Every structure is written in C-alpha cells, then in structure tokens.
Amino acid sequence: MIYSTNTTLSILLPWQALSRRIHYGKFVAEVKYREAPHEYEPLIRAKDRNALMNLLTFKKQEEMVMRRVEKKGMVFGQYVSLNDTESTGKYKIDPSLVSQLYEKWVMPLTKDVEVEYLLKRLDGEQKQVP
C-alpha cells in the first residue's frame, strides 16, 4: 500500500508531538529533583519506583491539565464555517475524549519517563558514604 506524503505527515506529526510531550518529562523530573534533592535521593538510591511516582504526582496539576486539554479540544476541534456567525457545538473529536487520552496515556507515560530518568539521575555521581 502506498501513502501520499500528506497522509504520511498527517499520521507522523501527531505521533512526534506526543512523543516530544511525553519526553519533556525528563526536564520536568530534573526541575523537581533540583527543588528537593533531599526528598528524591533516598528514593532513587532505594530504586523505589512507587514512592518516586507518588512524589512526582500532583493531582491538582493533573486535573488542571485535563481541563485545559478539554478546553483546547473544544476550541481547536470544532468545525468552522465562514457562513456561521457562532459555533455549532459540533466537534471533529469529542473534547472529553482528548482529556481522557491525556489522563489514561499521556500523563502516565510522561511520569514513567520521569521515574526512569530519576532512577538514572545519580548513576554518574559517586555514592556518599554515611
């Protein structure tokens, strides 16, 4: 099966954007680590994935992101016509579905990247002797 360049790009670009968004987790993890290394270092040394995940998780922030994503889905996902004077409320994709995608896939994958980054964060540093 042969796809046109436009079709290939329309498939590839969203995946690249999602991948980039998820891998920003490395930078987020570094910022969080630098804000509280005393909280992260013992968990990293213990390789405690669950505790790291809990420390990285900010439920209020995640809820805000999901609301923002749904709102963006409403704004950017609506059908637009030059003949209409106001929005018809019809969307190319259900905005709540976009929010659910973030909740069920994007944010968990981003946090997985954060945890993996943190578990390797101290690999280059010499271990301190108590």
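Helices here are DSSP runs of at least four residues, numbered from the N terminus. Keep that in mind as you click through this predicted model.

**Stop 1: Asn50**

Select Asn50. This residue lies in helix H4. Is Asn50 buried or exposed? The cut-off for exposed is over 50% relative accessible area. Asn50 has 63% relative accessibility, so it counts as exposed.

Now add Val115 to the selection. Asn50 and Val115 are 65 residues apart along the chain. Their C-alpha atoms are separated by 9.0 Å.

**Stop 2: the largest nonpolar core**

Keep Val115 on screen. Val115 belongs to the largest nonpolar core, which has 11 residues in all. Select the others: Ala29, Tyr33, Ala36, Tyr40, Ile44, Leu52, Leu56, Leu118, Leu119 and Leu122.

Which elements give two or more residues to this core? Colour helix H2 (25-35), helix H3 (37-45), helix H4 (49-56) and helix H6 (95-121). H6 supplies the largest share, three residues.

Another core lies apart from this one. That second core has nine residues. Select some of them, including Ile22, Val69, Val98 and Met107.

**Stop 3: H2 against H3**

Show only H2 and H3 next. Their axes come within 6 Å and cross at roughly 110°. Angles of 65 to 115 degrees count as roughly perpendicular. H2 and H3 are therefore roughly perpendicular to each other.

Which residues make the contact? On H2, pick Lys32, Tyr33, Arg34 and Glu35. On H3, pick Pro37, Tyr40, Glu41 and Ile44. Colour them by class: the contact has four nonpolar, no polar and four charged residues. Tyr33, Tyr40 and Ile44 are also members of the largest nonpolar core.

**Stop 4: H3 against H4**

Hide H2 and bring in H4. H3 and H4 pack at an angle of about 155°. Their axes are 8 Å apart. Angles over 145 degrees count as roughly antiparallel. H3 and H4 are therefore roughly antiparallel to each other. Their crossing is left-handed.

Select the residues that meet here. H3 brings Glu39, Tyr40, Leu43 and Ile44. H4 brings Ala51, Leu52, Leu55 and Leu56. How many of these residues are charged? The contact of H3 with H4 has one charged residue, seven nonpolar and no polar ones.

**Last look**

Leave Tyr40 and Ile44 selected. On H3, Tyr40 and Ile44 take part in the contact with H2. Tyr40 and Ile44 also meet H4. Both sit in the largest nonpolar core.

Notes:
Residues numbered from 1 in each chain as written. Predicted model: local features only at pLDDT ≥ 70, side-chain atom pairs only at ≥ 80, totals over all residues. Heavy atoms only, no water. Core = buried A, V, L, I, M, F, W, Y, C linked by side-chain atoms within 4.5 Å. Buried < 20%, exposed > 50% of the residue type's maximum accessible area, 1.4 Å probe, protein only. Axes fitted to C-alpha atoms, helices over the stretch in contact; angles between N-to-C directions. Parallel < 35°, antiparallel > 145°, perpendicular 65-115°, else oblique. Contact = heavy atoms within 4.5 Å. Nonpolar A, V, L, I, M, F, W, Y, C, P; charged D, E, K, R; others polar. Left-handed = near helix turned anticlockwise from the far one by under 90°.
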